[in-house]
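Reader: I have a model open on my screen and would like to learn how to read it. Could you walk me through it, feature by feature?

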Amino acid sequence: MLVPPSPGKINVNPFDNRIALPTIRATTAGLAGTGSDHQRGAMIIDCHGHYTTEPQKLHDFRKNQIAGIKDPKQKPSPPAINISDDELRASVEGAQLKFQRERGTNLTIFSPRASGMSHHIGDEGISLEWSQVSNELIYRLTTLYPNNFIGVCQLPQSPGVNPKNCIGELERCVNEFGFVGCNLNPDPSGGHWDAPPMGDRFWYPLYEKLVELDVPAMIHVSASCNPAFHTTGAHYINGDTTAFMQLITSDLFKDFPTLKFIIPHGGGAVPYHWGRYRGLAQDMKRPPLEELLLKNVYFDTCVYHLPGIELLTKVIPADNILFASEMVGAVKGIDPRTGHYYDDTKRYIDRVSWLTAEDKHKIFEGNARKVYSRLDERLAAKA
Ligand SMILES: [Zn+2]
């Protein structure tokens, strides 16, 4: 088992002599011709993108790592991945970077493939090694493309293991790689939901570190190993909805008033059933949802049709919505009814008539800078 990393002691970092953080230029290229009334000179920050176009060498490493659980002879060593900068560039040039240009977005808050985290596989040592390898590739991409990507890390969670085991890797990614947040899996079991709910003190050591580092967590499940739940069609949306209900029933934000969570995929079923959640909170003598949660909980715009985005922006205040597309992600195709990619979510937001220019500025840029305060600091340093 690997020793958890501590600052200054990186055990599998192949580039520990180059940890200077890249500077970000707040480019606004790409706004032209998009039909957006988002003001010129502003940025469009996509808070939810995954590295889903990884080189085959990374998949091979993971396959061998998993095979090595049963047969140690097959266990690879992390430096053996040997992915070159050219291979990294080739993996994103025709995908994430192309879509950024075509859709008129600037900066993607970028993390390892969410379904790939698969915390249910192996033990915490396997999870730590896999997280380190995955996060290091994200870091390298952020150095190759500092104006296009900023990192969010995968945590080395493992079923039944206290999430304080994640603190070392979180600190490494934030302090040494300049990452601005993490993805937190509320169900490391992969569809069996045997971890305590998110308001439980089980999670508190990690929350304390998130608050100390002032980084938010996107609540994001990973692959489902329960065949009853399709990973991206059911488990992801269930995860978003389930986490929200767990937050309603907890006093978490009394204990951590500055803790920030982003619930992805438009909040799962939450906006559609907002009345149910308001009513449940009322019946349980909880404060109104605005008071209970909306100083700490944000929703992204990974909703792949206009009526869904319209509902989201009617129900959830603009102050709590962050632009996101999750490209290249769960839904890769083109909608034959519109001729556009389902996950080109900027087009939907542009068409919501009741959003003011100020609302759109919050959704496209302002809220991301508020929630990811370390991103704001990096941008401000260059302004
Ligand atoms: Zn995602």
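Author: We will go from the whole chain to its metal site, its strands and a few single residues. This is a predicted model, in which local features need pLDDT of at least 70 and side-chain atom pairs count only at pLDDT 80 or more, while totals for chains, interfaces and linings use all residues. Residues are numbered from 1 along each chain as its sequence is written, and side-chain values use heavy atoms, with hydrogens and water left out.

Reader: Happy to start wide. How many helices and strands does the chain have?

Author: Helices (H or I, at least four residues) and strands (E, at least two) are DSSP runs, numbered from the N terminus. Here the chain has 15 helices and 11 strands.

Reader: And what share of the residues counts as buried?

Author: Buried means under 20% relative accessible area, exposed over 50%, and partly exposed in between, using a 1.4 Å probe and protein chains only. Of the 383 residues, 57% count as buried. For the surface itself, accessible areas come from the Shrake-Rupley method with a 1.4 Å probe, and for residues only the protein chains shown count as cover. The total for this chain is about 15500 Å², with 52% of it belonging to carbon and sulfur atoms.

Reader: Now the metal. Which protein atoms are the donors of the zinc ion?

Author: Donors are N, O and S atoms within 2.8 Å of the metal (3.2 Å for Na, K and Ca); water is not among the atoms, so sites may look incomplete. For this zinc ion they are NE2 of His48, His50 and His220, plus OE of Glu326, at 1.9 to 2.0 Å. Along the chain, the donors follow the spacing H-x1-H-x169-H-x105-E. One pair links distant parts of the chain: His50 sits in strand E1 (residues 45–51), and His220, 170 residues apart from it, sits in the loop between strand E6 (217–219) and helix H8 (231–248).

Reader: Why is the arrangement called tetrahedral?

Author: Four donors count as tetrahedral if all angles lie between 85 and 135 degrees; four count as square planar and six as octahedral if opposite donors are over 155 degrees apart and all others between 65 and 115, and anything else is irregular. The zinc ion is tetrahedral because its four donor atoms subtend angles of 98 to 123°.

Reader: Are His50 and His220 buried or exposed?

Author: His50 is buried, at a relative accessible area of 3%, and His220 is buried too, at 0%. The strand that holds His50 is mostly covered as well: seven of the seven residues of E1 are buried.

Reader: Let's follow that strand. In what order do the three strands of the open sheet stand?

Author: Strands of a sheet pair through backbone hydrogen bonds, either parallel or antiparallel. As a cut-off, two strands pair if DSSP finds at least two bridges between them. The order here is E1-E2-E3, with parallel pairing. E1 and strand E3 (149–151) are at the edges with a single partner strand each, so one side of each has no neighbour in the sheet. From one strand to the next, the twist averages 35°; axes are lines fitted to C-alpha atoms, for helices over the stretch in contact, and angles run from 0 to 180 degrees between N-to-C directions.

Reader: How many bridges join E1 to E2?

Author: Five bridges join them, and Tyr51 stands opposite Pro112 in E2. Strand E2 (residues 107–112) pairs with E3 over three bridges, where Thr108 is opposite Phe149.

Reader: Which residues lie on each side of strand E8?

Author: In a regular strand the side chains alternate between the two faces of the sheet. In E8 (residues 297–300), Val297 and Phe299 are on one side and Tyr298 and Asp300 on the other, all of them buried. Three bridges join strand E7 (residues 261–263) to E8 in parallel, with Ile262 opposite Tyr298. Two bridges join E8 to strand E9 (residues 321–322), also in parallel, and Phe299 has Ile321 as its bridge partner there.

Reader: One last residue: what does His235 touch?

Author: Contact means heavy atoms within 4.5 Å. His235, in helix H8, is buried at 0% relative accessibility. Not counting residues up to four places away in sequence, its contacts include Asp187, Trp193, Val221 and Phe229.
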